[in-house]
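Hi,

Here is the structure I said I would pass on. Have a look at it first, and my notes follow underneath.

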Amino acid sequence: MPPAEGLSSTPTKQPLFSFGVITDVQYADIPDGFSFLGVPRYYRHSIQVLRRAVKKWNDLKKLKFSLNFGDMVDGFCPKDKSLTTVQKVVDEFCKFNRPVYHMIGNHCLYNLTRTNLTALFNIASIDGTAYYEFSPSPAYRFVVLDAYDISTIGWPHHDPRASAASMLLQSKNPNLDKNSPAGLLGLDRRFVAFNGAMGEEQLSWLDDVLRDSSDRGQKVIICCHLPLDPRAAAPEALLWNYEEVMDVIHRYGCVKACFAGHDHKGGYSMDSHGIHHRVLEAALECPPGSDAFGYVDVYHDRICLVGTDRMPSTEMVFEP
Ligand SMILES: Nc1ccn([C@@H]2O[C@H](COP(=O)(O)O)[C@@H](O)[C@H]2O)c(=O)n1
Ligand SMILES: O=P(O)(O)OC[C@H](O)CO
């Protein structure tokens, strides 16, 4: 869990900039249900959480942009309603009067093609990929990763990225149902079909962006639907090749924090290189009337997540 429930030493100076965060809205116009492990899921209420998030973000008047960490629609959404449902959620995000940067999650890919999704989410895409970067202030760069670059979901069966994922799952997960981690031990429990990996091209792009950021003296915040640190999330939620990705990140000193979604209960850790990992609590699992969203104040020496209700606040001070 985060080191502090509140912001014990909130700096009094003005942040360089601030941004909103929300994850796993997983909206569908269907009755409430449960996760595979029996955790309640409020499919119709989650869009109300998003509405309250957008209102709060607008009321604050200081946010520069917001980040949606993926899974805006649920896999149980009737497939003939996928497009209108995703459009309905996108329309809610559009009520925020600043840009919103989206990530693609597994539930998005259960519903729509990558071509549809990248168009709806306004992601400039090469060959269906959904990784990109932006710099909201000269001192900072945001790197948005595509966690399903190598995946059995989202690509046509003949695509090499789908074949590579199938081969990996085949070798790591003997279960007939590849969504099941039954029998897998420890961190190997991540080898399930609802996760994915970053491919070589994306890893090399990440390396280039981080080298350039280091050269420019910029600090970097990494954003990914899937968590990258085992101490911040359940093994079943991790990116398949999180170690490879963290090896690239640890080559440079510029990355200060990694944010993720997917593991609905949320989490926090600081890794061996002093990088903060914050997995955000899901909007989907908020019982009616409760919320999970927040905003982040960014300073030169720290970032402060100010959470609402089920999303605890977290102060993340950078290592010198
Ligand atoms: N076939 C499956 C699917 C999931 N699990 C486990 O349940 C957890 C939650 O799954 P949801 O997709 O409902 O969020 C997941 O972390 C798996 O450990 C399973 O055992 N078998
Ligand atoms: O949002 P889901 O249904 O993919 O669930 C993700 C799992 O909880 C990760 O362990």
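Let me start with a loop: Pro-156 sits in the one between strand E7 (140-144) and helix H5 (160-172). Bear in mind throughout that this is a predicted model. Is Pro-156 buried or exposed? Pro-156 counts as exposed because there are just 10 other C-beta atoms within 10 Å, and the cut-off for exposed is 12 or fewer. Its C-alpha atom is 9.3 Å from that of Thr-113, although the two are 43 residues apart along the chain.

Asn-111 makes a nice counterpart. This residue belongs to helix H3 (residues 106-111), and it is buried because 22 other C-beta atoms lie within 10 Å, where 20 or more is what it takes. Setting aside neighbours within four places in sequence, Asn-111 is in contact with Val-73, Cys-77, Ser-82 and Val-86. There is also a 43-residue separation here: Gly-154 is that far from Asn-111 in sequence, with 9.1 Å between their C-alpha atoms.

Now the strands. E12 (residues 292-298) is the one I'd look at, since seven of its seven residues are buried. In a regular strand, side chains alternate between the two faces of the sheet. Which residues of E12 go with which side? Ala-292, Gly-294, Val-296 and Val-298 are on one side, Phe-293, Tyr-295 and Asp-297 are on the other, and all of them are buried, so both faces are covered.

E12 also has two pairings worth tracing:

- With E1 (residues 17-22), E12 runs antiparallel, joined by five bridges; Phe-17 has Val-298 as its bridge partner in E12.
- With E13, E12 is again antiparallel, this time over seven bridges, and a hairpin of three residues links the two. Asp-297 has its bridge partner in E13 at Cys-304.

You can carry on from there. E13 (residues 302-309) pairs with E14 (residues 314-317), antiparallel, over four bridges, and the hairpin that joins them goes through four residues. Cys-304 turns up again here, standing opposite Glu-315 in E14.

On to the core. Nonpolar side chains tend to be buried together in soluble globular proteins. Here the largest nonpolar core has 92 residues, and those with the most contacts inside it are Ile-222, Cys-223, Cys-224, Leu-239 and Ala-283. Helix H1 (residues 46-60) gives the most to this core, with six residues. If you want one residue to centre your view on, Leu-239 touches Ala-147, Asn-195, Ala-197, Met-198, Cys-224, Leu-226, Leu-228 and Val-245, leaving out residues up to four places away in sequence.

Then the ligands, which I suspect you'll open early. Around ligand 1 you'll find Ser-35, Phe-36, Leu-37, Asp-177, Asn-179, Ser-180, Pro-181, Ala-182, Phe-194 and Glu-236. That shell divides into five nonpolar, three polar and two charged residues. Ligand 2 has Asp-24, Asp-71, Asn-106, His-107, Phe-194, Ala-234, Glu-236, Ala-237, His-262, Asp-263 and His-264 around it, a shell of three nonpolar, four polar and four charged residues. Phe-194 and Glu-236 are on both lists.

Finally, the annotation: an unreviewed UniProt entry places "domain: Calcineurin-like phosphoesterase" at residues 19-265. Over that stretch the chain is 32% helix and 16% strand, with the end C-alpha atoms 22 Å apart.

Cheers

Key
Residues numbered from 1 in each chain as written. Chains lettered and ligands numbered in written order. Predicted model: local features only at pLDDT ≥ 70, side-chain atom pairs only at ≥ 80, totals over all residues. Core = buried A, V, L, I, M, F, W, Y, C linked by C-beta atoms within 7 Å. Contact = placed C-beta atoms within 7 Å. Near = placed C-beta within 6 Å. Nonpolar A, V, L, I, M, F, W, Y, C, P; charged D, E, K, R; others polar. Pairing = 2+ DSSP bridges. UniProt positions renumbered as here; feature names shortened; annotations may be inferred.
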